[in-house]
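Please open the structure in your viewer and keep the selection tool ready. This tour goes from stop to stop, and each stop tells you what to select and what you will find there.

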Amino acid sequence: MQDGSAFRILDQTWKTSCFVWLDNLVANNDLLDQKHLLTESEARLLTALKTTQANPPNSVGDQTAHDNFHRLLELGLIVPASQDEGRKFSVKRVDIETCTHCNARCLFCPQSEHPKPKQFMSLELFQRAVEQIAPYRPDWVALNNFSEPFLDPLFVERCMYLEAHALKVALFTNATVLRPHVAEYLASSDVLHSITVNFPSPDPAEWANLMRLPASTHGRTVENIERLAECYKGGIGIVVNALTENLHSRIDSLSQMFARFPNVSVIKLDSNTLAGNIQNDLVQPASLTNSQKLGGCARLAAHVHISASGDVFMCCLDYWQETKFGNIADATLEEILGGDIAASHRRQVYGLTDADDNLLCRKCCHIRRAD
C-alpha cells in the first residue's frame with residue numbers, strides 16, 4: 001500500500017488508547033462501548049503498547065506482529081502516541097435529572113440522609129438538552145439522578161419529545177407511583193428501552209423499613225410493577241439492594257412473586273457507598289484508591305449527566321454535583337464535553353495525568369486501578 005495513510009501509519013509511534021483495558025483476552029473500549037476477543041499475541045502487543053510506545057512492525061521482519069498491529073489499529077484499540085485523548089468523548093448513555101426529589105428515603109441511598117429539595121427541569125431546558133443529545137444517537141436516556149421520575153408531572157410530555165427525536169428511555173423507578181395516564185401512554189408507546197425497579201423486599205414491613213415508606217403502599221407498588229410488566233414486553237429488572245443476612249432469600253422470594261412474567265428478572269445489586277455519599281451496614285465497606293494514576297471509568301468516556309438546572313456534571317455518583325463541566329444553556333454539549341474542565345478530569349480518570357487527591361473517583365468502587 002503506497003497511499004498517504006500508509007506512510008502516516010509507518011511514520012508515527014503508537015500507543016494503546018487510554019480508553020482500552022483488557023479482561024483476560026477481551027479488549028474493552030470505553031469510548032466506543034465495544035468488546036473484542038483477541039488472540040494471545042494480540043493481547044501481549046496491546047499490553048506492551050500500554051506502557052511503551054512503538055513504531056509499526058515491518059512485515060518483512062515479523063509478519064505476525066505486523067498483522068497483529070494492523071488488526072488492533074482497525075479495531076480502534078491503538079492511537080498515535082501524540083494524540084491527546086483527554087478531549088475525546090462519546091455519548092452512549094445520558095442521565096437527565098428532570099426532577100430532583102424522591103418520595104422514598106432508602107437506607108442505601110444518600111437521599112435518606114440528605115434529601116434534595118423539590119425542583120423540576122423546565123420543559124424548555126429539557127427540549128434544549130434533547131436537541132443537543134439527539135445527533136449522538138445514544139443507546140438510552142434516563143430521566144433521573146437519585147430521584148423518582150414518575151413524580152414529574154411532565155413525564156409523558158418529556159417522553160413524547162424524546163420519542164419524536166427517536167430516543168429511547170431507560171426507566172429507573174421505585175414504582176410506588178404510576179398514574180393511569182402514564183401507564184396508558186407507556187402501553188401504547190415504543191419509547192422504552194428498559195425498566196429497572198428498586199424493590200428490595202417482598203415483605204411489606206421489611207420493604208417499608210428499607211425504603212422508609214408506609215407498609216400500606218407495598219401492595220400498590222406490587223400492582224404497579226405488574227402493570228408495567230403487562231404494558232411493556234421488554235426486559236424489566238427488579239434490583240435488590242441492602243446487604244442483609246436474608247439478601248438471598250429476598251431475591252428468591254421476589255423471583256417467585258414475579259415468576260409469571262417472563263420479561264421480569266430479579267437482580268442482586270452490590271450495594272456500595274456511591275462514592276462515599278452513604279455509609280452504613282447495608283452497603284459494602286468504603287473503598288479508597290491512593291494510587292496517583294487511575295485506570296479509567298466509562299462514565300467519563302461515554303456517559304453524560306445533566307442536572308435539573310442544565311449543568312453537565314461529572315458522574316451519576318456525584319450526588320452533590322460538585323464537579324461541573326458547563327451548562328447547556330450557555331454552550332453546546334460538544335463544547336462542554338470537549339472543554340478544558342471535562343478534558344482535565346478525563347485525563348485524571350484515565351491516568352494521563354496524576355489524579356487530584358480530592359477527586360471523587362478515589363472514593364468510588366467503580367474506578368479501575370492503573371495497570
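## First stop: leucine 274

Select leucine 274, which counts as buried, because its relative accessibility is 14% and buried means under 20%. Bear in mind from the start that you are looking at a predicted model. Leucine 274 belongs to the loop between strand 11 (264-268) and strand 12 (303-306), and although this residue is not a glycine, its phi is positive, at about 55°. Now display what surrounds the residue: once its neighbours within four places in sequence are left aside, leucine 274 is in contact with Phe108, Cys109, Pro110, Phe146 and Leu317. If you add lysine 363 to the selection, you have a residue that is 89 residues away from leucine 274 in sequence, while the two C-alpha atoms are 8.4 Å apart in space.

## Second stop: arginine 362

Move on to arginine 362, which you will find in the segment after helix 11 (340-349). Is this arginine 362 buried or exposed? Arginine 362 is buried, because its relative accessible area is 6% and the limit for buried is under 20%. Its contacts, apart from neighbours within four places in sequence, are Ser287, Leu288, Thr289, Asn290, Ser291, Gln292, Ala355, Asp356 and Asp357. Select glycine 276 as well, and compare two separations: from arginine 362 to glycine 276 there are 86 residues in sequence, and 9.5 Å in space from C-alpha to C-alpha.

## Third stop: glutamine 321 and the rings beside it in sequence number

Next, select glutamine 321 in the loop between strand 13 (311-313) and strand 14 (324-327). Glutamine 321 is not a glycine, yet it has a positive phi of about 55°, and with a relative accessible area of 10% it is buried. Then select Phe146, Tyr319 and Trp320, which ring pairs link into a cluster. While tyrosine 319 is highlighted, add lysine 116, which lies over the face of that ring at 4.3 Å from the ring centre.

## Fourth stop: aromatic pairs

A pair of aromatic rings is described by the distance of the centres and the angle of the planes. How many aromatic pairs does a search of the whole structure find? The search finds nine aromatic pairs. For one of them, select phenylalanine 89 and tyrosine 136, whose ring centres are 6.2 Å apart and whose planes stand at 55°, so that the pair is tilted. This pair links distant parts of the chain, 47 residues apart, with phenylalanine 89 in the loop between strand 5 (78-80) and strand 6 (93-96) and tyrosine 136 in the loop between helix 4 (123-133) and strand 7 (140-142). Tyrosine 136 has a relative accessible area of 29% and is partly exposed.

Another pair to select is phenylalanine 150 with phenylalanine 155, which is edge-to-face, with 5.1 Å from centre to centre and 75° between the planes. Phenylalanine 150 counts as buried at 2% relative accessibility, and phenylalanine 155 is buried too, with a relative accessible area of 3%. Before leaving the rings, select arginine 158 and phenylalanine 126, where the charged end of the arginine sits over the ring, 5.2 Å from its centre.

## Fifth stop: helices that pack together

Two packed helices are described by the angle between their axes and the distance between the axes. Select helix 2 (residues 40-51) together with helix 3 (residues 63-74), whose axes come within 10 Å and cross at roughly 70°. Helix 2 is therefore roughly perpendicular to helix 3. On the side of helix 2 the contact is made by Ser41, Glu42, Leu45 and Leu46, and on the side of helix 3 by Ala65, Asn68, Phe69, Arg71 and Leu72. Colour this contact by class, and you will find five nonpolar, two polar and two charged residues.

Finally, select helix 6 (residues 180-188) and helix 8 (residues 218-231), which pack at an angle of about 25° with their axes 9 Å apart. These two helices, helix 6 and helix 8, are therefore roughly parallel to each other. Here Ala183, Glu184, Leu186 and Ala187 in helix 6 meet Arg227, Leu228 and Cys231 in helix 8, and the residues of this contact divide into five nonpolar, no polar and two charged.

Conventions
Residues numbered from 1 in each chain as written. Predicted model: local features only at pLDDT ≥ 70, side-chain atom pairs only at ≥ 80, totals over all residues. Heavy atoms only, no water. Axes fitted to C-alpha atoms, helices over the stretch in contact; angles between N-to-C directions. Helix = DSSP H or I, 4+ residues; strand = E, 2+ residues; numbered from the N terminus. Parallel < 35°, antiparallel > 145°, perpendicular 65-115°, else oblique. Contact = heavy atoms within 4.5 Å. Nonpolar A, V, L, I, M, F, W, Y, C, P; charged D, E, K, R; others polar. Phe/Tyr/Trp six-rings, centres within 6.5 Å; stacked < 30°, edge-to-face > 60°. Buried < 20%, exposed > 50% of the residue type's maximum accessible area, 1.4 Å probe, protein only. Lys NZ or Arg CZ within 6 Å of the ring centre and 35° of its normal.
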